[in-house]
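Take the model below from its ligand shell outward. Then follow the core, the strands and a few single residues.

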Amino acid sequence: MAMLIAILAGLILVLCFCSALLRWNEVRYRKKGLPLGTMGWPVFGETTEFLKQGPNFMKNQRARYGSFFKSHILGCPTIVSMDPELNRYILMNEGKGLVPGYPQSMLDILGKCNIAAVHGSTHKYMRGALLSLISPTMIRDQLLPKIDEFMRTHITNWDEKIINIQEKTKEMAFLSSLKQIAGIESGSISQPFMTEFFKLVLGTLSLPIDLPGTNYRRGLQARKNIIGILSQLLEERRASKETHLDMLGCLMRKEENRYKLTDEEIMDLIITIMYSGYETVSTTSMMAVKYLHDHPKVLEELRREHLAIRERKKPDEPINCSDLKSMKFTRAVIFETSRLATIVNGVLRKTTQDMELNGHLIPKGWRIYVYTREINYDSFLYPDPLTFNPWRWLDKSLESQSYFLIFGGGTRQCPGKELGIAEISTFLHYFVTRYRWEEVGGEKLMNFPRVEAPNGLHIRVSTY
Ligand code: HEM
Ligand SMILES: *[C@@H]1O[C@H](CO)[C@@H](O)[C@H](O)[C@H]1NC(C)=O
């Protein structure tokens, strides 16, 4: 009996302590003018719920507090904005003190010159340097031939095999960018590079706790190793004096390039390119494979487009720019996949000063999660929004409507859009003209910050 009372008393004590803690944390952040919402636990806030429930967390909070609410996630007090007008406003007004606000671990691991870490004129300069590497001319003359060569070999020998399509598209996104960046072929140094890169990616999405065995520590180490590989590459190239027709070559030919970056900036830019195109391109490709499998009519139409291109060509003739331009339906499939799967749930900003937003006062240094996911299921913009219907995109105006935020908006709009589309299109070209496939399993997984996608989706492939 006494035991029971002791346990009960203990429990009550713990409960009181917890609710006091929660209460204290609410009071700590109480300030006139802040929107509604809850701050969760000290330090951890509502991170666990946010990561575990994903989009449902957002929906629940919105039902309670409206589409502009406060929370505490990923170590920072955060305003979540799900209001389309306001989201557009925030993206368009970086100059008014709404700069990127990605987690500390991401900034530490991607480097202090990476594009998300720089603002104002430095951002303009780094972005200009990047755009010069992936301009339409560069895509036409240098990148597309590399992408073509890569894709056709990457998907050989899938015949009569069970393929983990998630793994394959991840390798594809990474290796294809490595080839474009430095002409590095699969094999050689690409394997150890890829291992380091995957560790780097995990590190950027972890809490910044620098202890042995944490993903953060491993990520930092991976960054060091990658910098090591890249420095060596720079050195070798300087010694050999050969000209290389790839991104690194462009960055190193300072006499010809308007943008004269230091070695540190070059390496951070390369890491930025690999990182930004990795999860986006791989997940879109995987989800396209899934949706195409589930929608035979779409697959049939897509195949028709690609077989027509193939017919005009000799068997081994590569895809060129005019072929790419003619892939209207493929483009529509890629947009519809990005919309329905919501490859990017939203983007993060932070305030550089106290500011008024939507009639509320947001303190300096708070994060703003510009949550753009919901707009993808808006039945006014996309009638019958839960249906996979690429045809809706054949009307060009849908791509240019002002709430098209799949690639972000404003001064930070994705510079890699056309490059990403070129990669996915080329992959689909070889994939659908060579193979048929059926699904054989995979489990649903939520993944911050980008996607909610089946984990380890497997397909059984056979010749078309
Ligand atoms: C095809 C799939 C892709 C999607 C859906 C996508 C989506 C996005 C989004 C939503 C943003 C805005 C981030 C923000 O505002 O904070 C962004 C920015 C960015 N993307 Fe992409 N992206 C894709 C492919 C690529 C590729 C292939 C590259 C490679 C060059 C790339 C490079 C970047 C960079 C460097 C930024 C930052 C731009 C800046 O801050 O000025 N993206 N992307
Ligand atoms: C692309 O290839 C097709 C043949 O497949 C050819 O007719 C066309 O002229 C080429 N376009 C360019 C820009 O080279």
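Three helices, α6 (120–133), α12 (263–294) and α17 (417–434), each supply at least two residues of the shell around ligand 1. Helices and strands here are DSSP runs (H or I over at least four residues for a helix, E over at least two for a strand), numbered from the N terminus. The model is predicted: local features need pLDDT of at least 70 and side-chain atom pairs count only at pLDDT 80 or more, while totals for chains, interfaces and linings use all residues. Residues are numbered from 1 along each chain as its sequence is written, chains are lettered from A, and ligands are numbered from 1 in the order in which they are written.

Stay with ligand 1. A residue counts as near a molecule or strand if its C-beta atom, placed from the backbone, lies within 6 Å of it. Among the 26 residues around ligand 1, Gly 277, Gly 408, Cys 414, Gly 416 and Gly 420 come nearest. Helix α12 gives the most to this shell, with seven residues. By class, the shell holds 15 nonpolar, nine polar and two charged residues. The classes are simple: Ala, Val, Leu, Ile, Met, Phe, Trp, Tyr, Cys and Pro are nonpolar, Asp, Glu, Lys and Arg are charged, and the others, Gly among them, are polar.

Ligand 2 has another set of residues around it: Arg 312, Lys 313, Glu 317, Asn 320, Cys 321, Ser 322 and Asp 323. They divide into one nonpolar, two polar and four charged.

Now step back to the whole chain. It has 17 helices and 10 strands. Its C-alpha atoms fill a box of roughly 85 × 55 × 50 Å along the principal axes. The radius of gyration is 24 Å, which agrees with the value near 23 Å for a compact globule of 464 residues. That radius is taken over C-alpha atoms, and the globule rule is 2.2 Å times the number of residues to the power 0.38. Contacts (C-beta atoms, placed from the backbone, within 7 Å) are mostly long in sequence: of those with a separation of 6 or more, 70% join residues 24 or more positions apart.

How much of the chain is buried? Buried residues make up 38% of the 464. The test counts other C-beta atoms, placed from the backbone, within 10 Å of a residue's own: 20 or more is buried, 12 or fewer is exposed, and anything in between is partly exposed.

Next, the interior. A nonpolar core is a set of buried Ala, Val, Leu, Ile, Met, Phe, Trp, Tyr and Cys residues joined through C-beta atoms within 7 Å. In the largest one, of 71 residues, Leu 130, Ile 270, Met 274 and Ala 288 touch the most other members. Helix α12 supplies the largest share of this core, 14 residues. Another core, of 18 residues, lies apart from it and includes Met 58, Val 80, Trp 366 and Val 370. Leaving out residues up to four places away in sequence, Ala 288 touches Val 333, Ile 334, Thr 337, Ile 424 and Leu 428.

Turn to the strands. All six residues of β1 (residues 68–73) are buried, so the strand is largely enclosed by the rest of the structure. In a regular strand the side chains alternate between the two faces of the sheet. Both faces of β1 are covered: Phe 68, Lys 70 and His 72 are buried on one side, and Phe 69, Ser 71 and Ile 73 on the other. Strand β1 pairs with β2 (residues 76–81) in the antiparallel sense over six bridges; pairing requires at least two DSSP bridges. Ile 73 stands opposite Cys 76.

The two strands form a hairpin with two residues between them. One of these turn residues is Leu 74, with a positive phi of about 50°, although it is not a glycine. Leu 74 is buried, with 26 other C-beta atoms within 10 Å.

Strand β5 (residues 346–351) is mostly covered, with five of its six residues buried. It pairs antiparallel with β3 (residues 98–100) over three bridges, where Val 99 stands opposite Lys 350. Five bridges join β5 to β8 (residues 367–371), also antiparallel. There Val 347 has Val 370 as its bridge partner.

Finish with Glu 160, in the loop between α7 (136–154) and β4 (161–164). Its phi is positive, about 60°, although it is not a glycine. With 9 C-beta neighbours inside 10 Å, Glu 160 counts as exposed.

How values were computed:
Contact = placed C-beta atoms within 7 Å.
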